[in-house]
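Biologist: I would like to go through this structure slowly and ask how each label is earned. Could you take the questions one at a time?

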Amino acid sequence: MDLLHGNFFVFLQAMMFAALATTSLSSASLLSPNYYGHSCPQALSTIRRVVENAVQREPRMGASLLRLHFHDCFVNGCDGSILLDPTSTIDSEKNASSNKNSVRGFEVVDEIKEAVDKACGKPVVSCADILAVAARDSVVTLGGPRWKVRLGRRDSTTASRDDANNNLPAPFFSISQLISNFKNHGLNEKDLVVLSGAHTIGFARCFFFKDHIYNDTNINPTFAKKLKYICPRNGGNPNTLAPLDAASAARFDAAYYSDLVHKKGLLHSDQELLNSDSTDGLVKKYSYDGEGFYKDFAKSMVKMGNIKPLTGNHGEIRLNCRKVNQYH
C-alpha cells in the first residue's frame with residue numbers, strides 16, 4: 001500500500017469512527033431524566049417499589065439486576081437485548097458463555113414490566129429503561145449512591161450471542177484487555193476502576209475464579225486456601241458460588257477496593273486493576289475514600305447508560321420484555 005492510499009485509508013477510518021461517535025452522542029442527547037414525566041409520572045416510583053421488595057426478599061437480586069444492565073449495555077448498547085429469549089430468529093444473549101447459568105433477575109424484570117404497564121395504563125416504558133432504573137434502585141436499596149437515570153431508550157428487535165461473547169469483558173482478562181474493552185465502549189480507565197466496584201455486591205461461580213486461585217500469584221494465600229475448599233482443582237461443582245466481596249456481599253460499599261489492596265480479589269480481572277499505573281492509584285484511593293467512590297460510580301453509571309441507545313423511531317417499546325412485538 002503506497003503512502004497516498006495508506007493516508008486515505010487512515011483518514012477514511014477516522015471519518016467512520018467520528019460518524020459513529022456522533023450518532024451515539026446524538027442518540028444519548030435525546031435521553032432525559034424527565035422523559036416519562038408527562039406520559040407516565042408513576043413509572044419511576046412503580047419500578048422502585050418492585051425493586052425494593054425484590055431486593056429485600058433476596059439481597060442477591062440487587063446484584064443480578066445491576067449485572068443485567070451492565071451486560072445489556074456492553075453488547076450492542078443499552079437496548080434491552082439481554083432480555084430476549086431464544087427463538088428461531090433470536091440467538092439469545094442469555095446463552096452467551098459468560099451469561100449462561102449466571103445472569104438472573106429476568107422474573108423480576110417481568111414483574112416490573114407488568115406493574116409499570118398497569119400504572120401507565122399501556123406499554124410506555126421500554127425494557128431497556130426498566131433495566132437502567134432497576135440497576136440504580138438496586139444500588140440505592142443496598143446502601144449505595146443515587147443518581148438521575150437518563151431515560152428514553154427504546155428496545156431492540158434483535159440479539160446476538162456472538163456479540164455478547166465478543167463484547168463482554170471476561171473474568172480472565174488482563175489489565176490491557178480490560179482497558180481495551182472499555183475503550184471500545186467509550187469508557188476510560190477511570191470508568192473501568194469505578195464500574196468494577198459493582199463487584200462489591202454479588203457472587204461468582206467457581207468456574208470463573210478457579211484459575212485465579214490455583215494459578216495466579218497475586219492472591220492472598222490464606223484467601224485462596226479458603227476458596228479451594230469450595231472450588232477444588234478437579235471435580236466439584238463449577239456452579240458453586242463465592243461472594244465477590246466476602247466482607248459485605250449484600251451491602252453496596254467500597255470494601256471491594258480494600259479486598260484488592262489486600263490481594264483478595266475473587267476474579268483474576270479484579271486483581272488485575274492493581275497491575276497498571278493508570279488504575280492502581282484509583283483502587284488505593286477508593287479503598288479509603290468511600291464517598292469519592294460513590295460520587296464517581298454515579299457519574300460512570302450515567303456514562304455507561306448512554307452507550308448507543310435506540311431512540312426516536314429506532315427499535316420499539318416491547319409488550320413483553322422477553323420477546324419482540326408480533327407485528328415485526
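Modeller: What follows is a set of questions and answers on a predicted model.

Biologist: What makes Cys40 and Cys120 a disulfide?

Modeller: Their sulfur atoms are 2.0 Å apart. The cut-off is 2.5 Å, so the pair of Cys40 and Cys120 counts as a disulfide. In general, a disulfide is a covalent bond between the sulfur atoms of two cysteines.

Biologist: Why is the disulfide of Cys40 and Cys120 given a hand, left or right?

Modeller: The hand comes from the torsion about the S-S bond, which is about -85° for Cys40 and Cys120, so this disulfide is left-handed.

Biologist: Which parts of the chain does the pair of Cys40 and Cys120 tie together?

Modeller: Cys40 is in the loop between helix H1 (3–28) and helix H2 (43–57), while Cys120 is in helix H4, so the pair ties together parts 80 residues apart in sequence.

Biologist: How do you know whether Cys40 and Cys120 are buried or exposed?

Modeller: Buried means under 20% relative accessible area. Cys40 has 2%, so Cys40 is buried. Cys120 has 14%, so Cys120 is buried as well.

Biologist: How many disulfides are there by this rule?

Modeller: The count comes to four. Another of them joins Cys73 to Cys78, with an S to S distance of 2.0 Å. The angle about the S-S bond of Cys73 and Cys78 is 120°, and that link is right-handed. Cys73 and Cys78 are both buried.

Biologist: What makes Cys127 and Cys321 a disulfide?

Modeller: The sulfur atoms of Cys127 and Cys321 are 2.1 Å apart, and the limit is 2.5 Å, so the pair qualifies. This link joins distant parts of the chain: Cys127 is in helix H5 (residues 127–141) and Cys321 is in the segment after helix H14 (290–305), 194 residues apart. With -95° about its S-S bond, the link of Cys127 and Cys321 is left-handed.

Biologist: Why are Cys127 and Cys321 called buried?

Modeller: The limit for buried is under 20%. Cys127 has a relative accessibility of 0%, so Cys127 counts as buried. Cys321 has 1%, so the label holds there too.

Biologist: What is the pairing when the bonded cysteines are numbered in sequence order?

Modeller: The pairing reads 1-4, 2-3, 5-8, 6-7.

Biologist: How do you know that the span of H14 agrees with its number of residues?

Modeller: H14 has 16 residues, and at 1.5 Å a residue the expected span is 22 Å; the end C-alpha atoms are 22 Å apart, so the two values agree.

Biologist: Which residues of H14 are buried, and what covers them?

Modeller: Among the buried residues of H14 are Gly292, Phe293, Asp296 and Phe297. The cover includes H3, H5, helix H8 (189–196), helix H11 (255–261) and helix H13 (280–286).

Biologist: Why is Ser300 called buried?

Modeller: Ser300 has a relative accessible area of 4%, and buried means under 20%, so the label fits. Ser300 is in helix H14. Leaving aside neighbours within four places in sequence, Ser300 is in contact with Asp191, Val194 and Leu195.

Biologist: How many cavities of 30 Å³ or more does the structure hold?

Modeller: There is one. The volume of the largest cavity is about 70 Å³. Its lining residues include His69, Ala132, Trp147 and Met301. H14 gives the largest share of that lining, three residues. By type, the lining divides into five nonpolar, three polar and three charged residues.

Biologist: Why is Asp91 called partly exposed?

Modeller: Asp91 has a relative accessible area of 33%, and partly exposed lies between 20% and 50%, so that is its class. Asp91 is in the loop between helix H3 (60–76) and helix H4 (106–120). Leaving aside neighbours within four places in sequence, Asp91 is in contact with Ala159, Ser160 and Arg161.

Biologist: What is noted about the phi of Lys263 and of Lys308?

Modeller: Lys263 has a positive phi of about 60° although it is not a glycine. Lys308 also has a positive phi, about 40°, and is not a glycine. Lys263 is in the loop between H11 and helix H12 (268–271), and Lys308 is in the segment after H14.

Biologist: How do you know which exposure class Lys263 and Lys308 belong to?

Modeller: Lys263 has 42% relative accessibility, so Lys263 counts as partly exposed. Lys308 has 43%, so Lys308 is partly exposed too.

Key
Residues are numbered from 1 along each chain as its sequence is written. This is a predicted model: local features need pLDDT of at least 70, side-chain atom pairs count only at pLDDT 80 or more; totals for chains, interfaces and linings use all residues. Side-chain values use heavy atoms; hydrogens and water are left out. Helices (H or I, at least four residues) and strands (E, at least two) are DSSP runs, numbered from the N terminus. Buried means under 20% relative accessible area, exposed over 50%, partly exposed in between (1.4 Å probe, protein chains only). Contact means heavy atoms within 4.5 Å. The expected span of a helix is 1.5 Å times one less than its number of residues. On a 1 Å grid over the protein atoms alone, a cavity is a set of points where a 1.4 Å probe fits but cannot get out, and a pocket is an open set with protein on both sides within 12 Å along at least five of seven lines; lining residues have an atom within 4 Å of a point. Grid points are joined across faces, edges and corners, and a volume is the space filled by probe spheres set on the points. Ala, Val, Leu, Ile, Met, Phe, Trp, Tyr, Cys and Pro count as nonpolar, Asp, Glu, Lys and Arg as charged, and the others, Gly among them, as polar.
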